[in-house]
Amino acid sequence: MARSRSISGYGLWKYLNPAYYLRRPRRLALLFIIFVSVSMVVWDRINLTREHEVEVYKLNEEVLRLEQMLEELKGVGNKPLKTMKNAPEDPVDIQRRQKVKEAMIHAWSSYEKYAWGKDELQPRTKDGTDSFGGLGATMIDSLDTLYIMGLDEQFQKARDWVASSLDFDKDYDASMFETTIRVVGGLLSAYDLSGDKMFLEKAKDIADRLLPAWNTPTGIPYNIINLRSGNAHNPSWAAGGDSILADSGTEQLEFIALSQRTGDPKYQQKVEKVITELNKNFPADGLLPIYINPDNANPSYSTTTFGAMGDSFYEYLLKVWVQGNKTSAVKPYRDMWEKSMKGLLSLIKKSTPSSFTYICEKNGNNLIDKMDELACFAPGMLALGASGYGPDEEKKFLSLAGELAWTCYNFYQSTPTKLAGENYFFTAGQDMSVGTSWNILRPETVESLFYLWRLTGNKTYQEWGWNIFEAFEKNSRVESGYVGLKDVNSGAKDNKMQSFFLAETLKYLYLLFSPSSVISLDEWVFNTEAHPLKIVERSDPRKPTIALRQRRFGHQVKG
Ligand code: DMJ
């Protein structure tokens with residue numbers, strides 16, 4: 001046994017002995033051939049694996065590149081096209097932002113001193129007035145502006161007033177529109193920014209009081225409602241008891257947001273029914289007259305306008321689409337809006353001799369050469385909506401937005417005070433002339449400049465905004481706040497600091513000189529009173545409220 005084991009051991013070892021092969025050259029040749037073949041196969045495998053790895057790497061890179069491209073495409077129109085990422089801040093912007101913040105401090109401290117808890121301050125008589133039924137309009141309208149500017153102490157004090165003193169149980173006939181855009185919008189925005197649930201509870205309270213207004217045969221709401229009894233009706237001065245277009249189509253953003261944040265779909269259902277109803281017979285040009293019958297949804301023969309009583313209906317068609325993440329669920333809103341933009345194009349004319357582009361009003365088939373300053377929100381809306389079109393249309397609408405903004409800026413520049421009147425008439429050979437000549441600190445032009453600056457990166461819009469701010473400082477600033485002008489020609493002052501001056505005019509001016517990450521247009525949508533609402537997933541209104549602790553905004557941009 002021992003011998004045979006040693007023989008078999010020797011039998012295997014002999015193949016390793018070179019002498020064995022020297023004696024057998026054919027076997028040596030065979031061994032060589034086997035060695036070379038195996039080496040080639042191994043080499044080939046290694047190469048293949050490496051090539052494969054390189055291929056996979058390249059594909060991964062390509063996927064990454066395409067993903068980035070997709071992200072950029074999604075964000076086109078919402079990101080400054082010409083501003084460089086991480087570019088250092090322009091010191092002029094910081095300085096100007098600080099000036100605007102100082103204006104807010106002046107306006108706020110005057111309100112605090114003379115009109116605390118009232119709807120609006122009357123700076124010249126140094127008292128307050130309850131123009132909205134005593135809902136603390138200025139307080140609520142200012143919450144988010146204070147927050148964004150990092151005015152923490154003021155915000156906290158206002159917050160405590162809302163928590164302890166704001167009572168909606170009032171025998172007061174409130175405007176649905178004003179109460180929604182200022183109060184519901186202001187509270188929701190304060191909630192989205194601070195995450196403080198108290199604001200959401202208050203928003204729910206007031207929204208519940210408004211809800212019965214939608215109980216009409218068509219679901220198109222009555223525009224006035226008693227906050228205590230819930231009895232609703234339309235203003236007596238509106239044609240035949242009709243509802244007003246803007247007043248009926250400017251609650252969608254706020255009530256959809258409320259459903260998203262409370263998980264209760266009833267708010268969203270009420271406001272979306274209005275649009276579904278109006279969409280049934282929506283004209284090809286997307287233009288509706290300002291009066292609609294709430295019993296049968298028929299439009300009355302009346303004015304069609306992007307100014308007073310029409311304006312924010314069109315604004316909200318676009319913004320609900322933005323709020324809904326531009327998904328298929330909100331496509332009908334975009335479609336309606338695009339139709340309306342065809343209608344808007346049909347109202348565009350140019351003045352002579354200076355070729356100012358303006359939006360006419362329409363009565364029946366007649367174009368009227370009149371444009372409200374209120375319609376100066378339109379350039380901003382066009383800029384915001386342009387990115388949803390293909391490249392050619394996008395360019396066309398952006399350029400129209402720029403032209404209209406130039407006209408609106410000239411509403412300001414053409415008066416001795418450099419502040420715009422309430423509306424303008426256009427006459428052949430004479431360009432524009434002011435009609436109603438008051439200025440009540442309205443925001444629409446600076447709102448559009450803000451959008452145009454954010455979406456094009458063109459600093460000219462900042463310059464125009466700054467000039468307007470300086471004109472407010474010169475003409476409207478008084479010792480105890482800011483007032484409007486009774487006449488932009490003489491500069492005669494009125495006695496009211498409108499709550500939207502703090503909610504909108506100063507906020508848009510502040511953002512005009514802030515980095516675009518502050519209330520980014522990718523993440524927020526502004527209601528018509530400039531209250532930013534966080535964009536959340538639309539498809540699932542029952543999702544838990546998003547965690548929104550963004551206090552850093554204010555601090556980030558402190559100048
Ligand atoms: C604000 O209440 C809102 O901007 C509304 O859409 C129009 N009127 C004022 C500001 O001018």
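The exercises below work through one helix, one disulfide and three buried residues of a predicted model.

The model is predicted, and local features are accepted from a pLDDT of at least 70, side-chain atom pairs count only at pLDDT 80 or more, and totals for chains, interfaces and linings use all residues. Residues are numbered from 1 along each chain as its sequence is written, and side-chain values rest on heavy atoms, with hydrogens and water left out.

**Exercise 1. Work out what span helix H13 should have, and find where its buried residues lie around the axis.**

Step 1. Helices (H or I, at least four residues) and strands (E, at least two) are DSSP runs, numbered from the N terminus, and H13 takes in residues 331-346.

Step 2. The expected span is 1.5 Å times one less than the number of residues, so the 16 residues of H13 should span 22 Å, in agreement with the 23 Å between its end C-alpha atoms.

Step 3. Taking buried as under 20% relative accessible area, exposed as over 50% and partly exposed as in between (1.4 Å probe, protein chains only), the buried residues of H13 are Tyr333, Arg334, Met336, Trp337, Ser340, Met341, Gly343 and Leu344. These residues cover an arc of only 165 degrees around the axis, which puts them on the same side of H13; the arc is that of the directions from the helix axis to the C-beta atoms.

Step 4. As background, an α-helix has 3.6 residues a turn, so residues three or four places apart point the same way.

**Exercise 2. Identify the disulfide and state which parts of the chain it ties together.**

Step 1. With a disulfide defined as a pair of cysteine sulfur atoms within 2.5 Å, the count comes to 1 disulfide.

Step 2. The pair is Cys376 and Cys408, whose sulfur atoms are 2.1 Å apart. Because the torsion about their S-S bond is about -95 degrees, the disulfide is left-handed.

Step 3. Cys376 lies in the loop between strand E13 (370-372) and helix H14 (378-386), whereas Cys408 lies in helix H15 (residues 391-413), so the pair ties together parts that are 32 residues apart in sequence.

Step 4. Cys376 counts as buried at 0% relative accessibility, and Cys408 is buried with a relative accessible area of 0%.

**Exercise 3. Describe the surroundings of Glu315 and its link to Thr528.**

Step 1. Glu315 belongs to helix H12 (residues 311-323) and, at 3% relative accessibility, counts as buried.

Step 2. Contact means heavy atoms within 4.5 Å; leaving aside neighbours within four places in sequence, Glu315 is in contact with Phe377, Met381, Glu447, Asn527 and Thr528.

Step 3. Thr528 sits in the loop between strand E18 (524-526) and strand E19 (532-534), and its 13% relative accessibility makes it buried. The side chains of Thr528 and Glu315 are joined by a polar contact of 2.8 Å, a term for a pair of N or O atoms within 3.5 Å where, within protein, one must be able to donate a hydrogen and the other to accept it, and where residues adjacent in sequence count only if both atoms are side-chain atoms.

Step 4. In the unreviewed UniProt entry, the annotation "binding site" covers Thr528; such annotations may be inferred rather than shown by experiment, and their positions are given in the numbering used here, with feature names shortened.

**Exercise 4. Place Phe469 and list its contacts.**

Step 1. Phe469 is in helix H17 (residues 460-475) and is buried at 3% relative accessibility.

Step 2. Not counting residues up to four places away in sequence, Phe469 touches Lys99, Val100, Ala103, Leu506 and Leu509.
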